[in-house]
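Welcome! Here is a short guided tour of one protein chain, taken topic by topic. Keep the picture open as you read, and look up each residue when it comes along.

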Amino acid sequence: MLRRVHPLVLSTFLLAVALLLAGIGPRERSLGMNVRLVYLHGAWVWTALLGFAAAAVAGLAGLLVRRVNWQRVSIALGQAATLFWVTYLPMSLLVMQANWNGLFLDEPRFRIGLDFALIAVLLQAGILLLDRPAWASAVNIVYFSGLAFSLAASREVMHPASPITSSGWLALQAYFAGLTLTCVAAGSQIARWLHRRLVV
């Protein structure tokens, strides 16, 4: 039944649910209410990262079995992940201002995010212009590999490594997992809509 609902309608609904979940998230002693923006920011970033990973896996599968449809799935997932990655940047600025009382634009994680956002936009534009699904799959594999390596090698100056997963608070971890899954579901619907446009 859900497949009959337009993907953009479903994604809008799921994003509204994510905003609601973020608004009722548990408070934190030092950050207070501002931590709820951190929750949403974290879920947004993980949605983008998982989207890029899925685009790379679909692209690799498409190249190995030579299925153009899997390559188109890779394109759609890469485009949806880019949307989340680009929009997480202004959210990062809000998180910095709210929690650090200033904008620390030289923070390594933010610089990597900005650099790879620009690269992603340029690559996705090239993918659309060239209309070569196999090339797009290879680009998505290389892009995710570069992003994963850069994040793993980056220094953590002010940005904490993984405060929620290392908190030991199971209720908080379950809440954050639910919020992230909701954002991922919204991203998958956006990718579904983009894939439809590619096969028409």
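Let's begin inside one of the helices: Ala-58 sits in helix α2. With a relative accessible area of 4%, Ala-58 falls under the 20% cut-off, so it counts as buried. Please keep in mind that this is a predicted model.

**Around Ala-58**

- Which residues does Ala-58 touch, once those up to four places away in sequence are set aside? They are Trp-70, Val-73, Ser-74 and Leu-77.
- Ala-58 also has a partner to look at in Gln-71: the two are 13 residues apart in sequence, and their C-alpha atoms are 6.5 Å apart in space.

**The chain as a whole**

- How many helices and how many strands does the protein chain have? The count is six helices and zero strands.
- If you walk along the sequence, the pattern reads α-α-α-α-α-α.
- The protein chain has 200 residues, and 41% of them count as buried.
- Now think about contacts between residues with a separation of 6 or more: 77% of these join residues that are 24 or more positions apart.
- The surface exposed by the protein chain comes to about 11300 Å², and carbon and sulfur atoms supply 69% of that area.

**How helices pack**

- Two packed helices are described by the angle between their axes and the distance between the axes.
- Take helix α1 (residues 7-23) and α2 as one pair: they pack at an angle of about 140°, and their axes are 8 Å apart. This angle makes α1 oblique to α2.
- On the α1 side, the contact is made by Leu-15, Ala-18, Leu-19, Ala-22 and Gly-23, while α2 brings Arg-36, Leu-40 and Trp-44.
- Another pair is helix α4 (residues 108-130) with helix α5 (residues 133-153), packed at an angle of about 180° with axes 11 Å apart. Angles over 145 degrees count as roughly antiparallel, so α4 and α5 are described that way.
- Among the α4 residues that meet α5 are Ile-112, Phe-116, Leu-123 and Ile-127. The α5 residues in this meeting include Trp-135, Val-139, Tyr-143 and Leu-147.

**Links across the sequence**

- Leu-37 is in helix α2, and its relative accessible area of 25% makes it partly exposed.
- Where does Leu-37 find contacts beyond its neighbours within four places in sequence? They are with Met-91, Leu-94 and Val-95. For Val-95, the separation is 58 residues in sequence but 6.6 Å in space, from C-alpha to C-alpha.
- Arg-72 belongs to helix α3 and is partly exposed, with a relative accessible area of 30%. Its C-alpha atom is separated by 8.1 Å from that of Ser-137, although the two residues are 65 residues apart along the chain.
- Thr-182 is placed in helix α6 (residues 170-199). Is Thr-182 buried or exposed? Its relative accessible area is 13%, so Thr-182 is buried.
- Leaving aside neighbours within four places in sequence, Thr-182 is in contact with Leu-14, Val-17, Ala-18 and Leu-21. You have already met Ala-18, which is one of the α1 residues in the contact with α2.

**A nonpolar patch on the surface**

- Which residues form the nonpolar patch on the surface? Leu-60, Leu-64, Val-65 and Trp-70 do, and together they have about 420 Å² of accessible area.
- Helix α2 (residues 35-65) gives the largest share of the patch, with three residues.
- Leu-64 is a good example to find: it lies in helix α2, and at 66% relative accessibility it counts as exposed.
- Trp-70, also part of this patch, is one of the residues touched by Ala-58.

**Two loop residues with positive phi**

- Arg-66 is not a glycine, yet it has a positive phi of about 55°. You will find Arg-66 in the loop between α2 and α3, where it is exposed, with a relative accessible area of 75%.
- Asp-131 is not a glycine either, and its phi is positive at about 55°. Asp-131 is placed in the loop between α4 and α5, and at 60% relative accessibility it counts as exposed.

Technical notes
Residues are numbered from 1 along each chain as its sequence is written. This is a predicted model: local features need pLDDT of at least 70, side-chain atom pairs count only at pLDDT 80 or more; totals for chains, interfaces and linings use all residues. Side-chain values use heavy atoms; hydrogens and water are left out. Patches are made of residues with over 30% relative accessible area and no salt bridge: like charges are joined within 9 Å, nonpolar side chains (Val, Leu, Ile, Met, Phe, Trp, Tyr) within 5 Å. Accessible areas come from the Shrake-Rupley method with a 1.4 Å probe; for residues, only the protein chains shown count as cover. A salt bridge is a side-chain nitrogen of Lys or Arg within 4 Å of a carboxyl oxygen of Asp or Glu. Helices (H or I, at least four residues) and strands (E, at least two) are DSSP runs, numbered from the N terminus. Buried means under 20% relative accessible area, exposed over 50%, partly exposed in between (1.4 Å probe, protein chains only). Contact means heavy atoms within 4.5 Å. Axes are lines fitted to C-alpha atoms, for helices over the stretch in contact, and angles run from 0 to 180 degrees between N-to-C directions. Angles under 35 degrees count as roughly parallel, over 145 as roughly antiparallel, 65 to 115 as roughly perpendicular and the rest as oblique.
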